[in-house]
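Reader: I'd like to go through the labels on this one and hear what backs each of them up. Can we take them one by one?

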Amino acid sequence: RRMGKELFQHDTELAVSKRGERMSDLPVYTDGCFGLYRIRTDESKDYPEEYLEDQNMEIWYKEISVFDHMKYELGQGGMEVPLKIRIPQQRGLIDSKCVCLIDGQQHRVYNATNITNKDGYRETELTLVRPEKEIEEMK
């Protein structure tokens, strides 16, 4: 498994060498860890069926605030936003066809935004929503 720690270490080395930042300015991802899954579609049956494919990655995250206007806007569309998290940047790896498994619960990625934080570190913010239904994992 590729671990978020290894990816974070690489990103940290780049940021430190480019910006000369002190180690105390490094972002910390200690709120939890999730397993990453990609949503695939099985077209071989009479009707298409979605399933989860394990991406064999565990990524550490930190929680960030979900603002009331976002909860309201997405709530109007029937979506519940239980969590918004920040991880070391994962450009092109995580999108709205992904599911994060946190403490045994599925959270579908609604949006993934790549940012540079105030200290110059590249991060990805994930807005997670409750899926309409649980999706089975393909073994």
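Author: Sure, and keep in mind that this is a predicted model. Let's begin with Ile 87: setting aside neighbours within four places in sequence, its contacts include Tyr 29, Phe 34, Ile 59, Trp 60 and Tyr 61. Ile 94, Glu 123, Thr 124 and Leu 126 are also in contact with Ile 87.

Reader: What makes those count as contacts with Ile 87?

Author: Heavy atoms within 4.5 Å, so each residue on that list has to meet that cut-off.

Reader: And which residues have the most contacts inside the largest nonpolar core?

Author: Phe 34, Ile 85, Ile 87, Ile 94, Leu 126 and Leu 128, in a core of 15 residues. E2, E3, E4, E5 and E7 each supply at least two residues of this core. There's also a second, separate core of 5 residues, with Tyr 37, Leu 52, Val 99 and Ile 135 among them.

Reader: Why is Phe 34 called buried?

Author: Its relative accessible area is 1%, and buried means under 20%, so Phe 34 qualifies. Tyr 61 comes out at 4%, so Tyr 61 is buried by that cut-off too.

Reader: Why is the pair of Phe 34 and Tyr 61 called tilted?

Author: The search gives 1 aromatic pair. The ring centres of Phe 34 and Tyr 61 are 6.2 Å apart, and the limit is within 6.5 Å, so the rings pair. Their planes sit at 35 degrees; stacked needs under 30 and edge-to-face over 60, so tilted is what remains. Phe 34 belongs to strand E2 and Tyr 61 to strand E3, so the pair ties together parts 27 residues apart in sequence.

Reader: How do you know that Arg 86 and Glu 125 form a salt bridge?

Author: Their N to O distance is 2.3 Å, and the cut-off is within 4 Å, so the pair passes. Arg 86 is in strand E4 and Glu 125 in strand E7, 39 residues apart. Arg 86 has a relative accessible area of 17% and the bar for buried is under 20%, so Arg 86 is buried. Glu 125, at 14%, is therefore buried as well.

Reader: What makes Lys 62 and Glu 123 a salt bridge?

Author: Their closest N and O atoms are 3.6 Å apart, and within 4 Å is enough, so the label holds. Lys 62 lies in strand E3 and Glu 123 in strand E7, 61 residues apart. Both Lys 62 and Glu 123 are buried. A network of salt bridges links Lys 62, Lys 84, Arg 86, Glu 123 and Glu 125.

Reader: Where does the charged end of Lys 62 sit?

Author: Over the ring of Tyr 29, 5.5 Å from its centre. The distance cut-off is within 6 Å, so that value passes.

Reader: Are Lys 45 and Glu 49 buried or exposed?

Author: Neither, as partly exposed lies between the 20% and 50% cut-offs: Lys 45 is at 43% and Glu 49 at 32%, so both get that label. Their side chains meet in a salt bridge at 3.4 Å, N to O. The whole structure has 9 salt bridges.

Reader: Which strands does E7 pair with, and what makes them paired?

Author: At least two bridges are needed; 6 join E4 to E7 and 8 join E6 to E7, so both pairings count. E4 and E7 run antiparallel, as do E6 and E7. Ile 85 has Leu 126 as its bridge partner in E7, while Val 109 stands opposite Leu 128.

Note on methods
Residues numbered from 1 in each chain as written. Predicted model: local features only at pLDDT ≥ 70, side-chain atom pairs only at ≥ 80, totals over all residues. Heavy atoms only, no water. Buried < 20%, exposed > 50% of the residue type's maximum accessible area, 1.4 Å probe, protein only. Helix = DSSP H or I, 4+ residues; strand = E, 2+ residues; numbered from the N terminus. Core = buried A, V, L, I, M, F, W, Y, C linked by side-chain atoms within 4.5 Å. Phe/Tyr/Trp six-rings, centres within 6.5 Å; stacked < 30°, edge-to-face > 60°. Lys NZ or Arg CZ within 6 Å of the ring centre and 35° of its normal.
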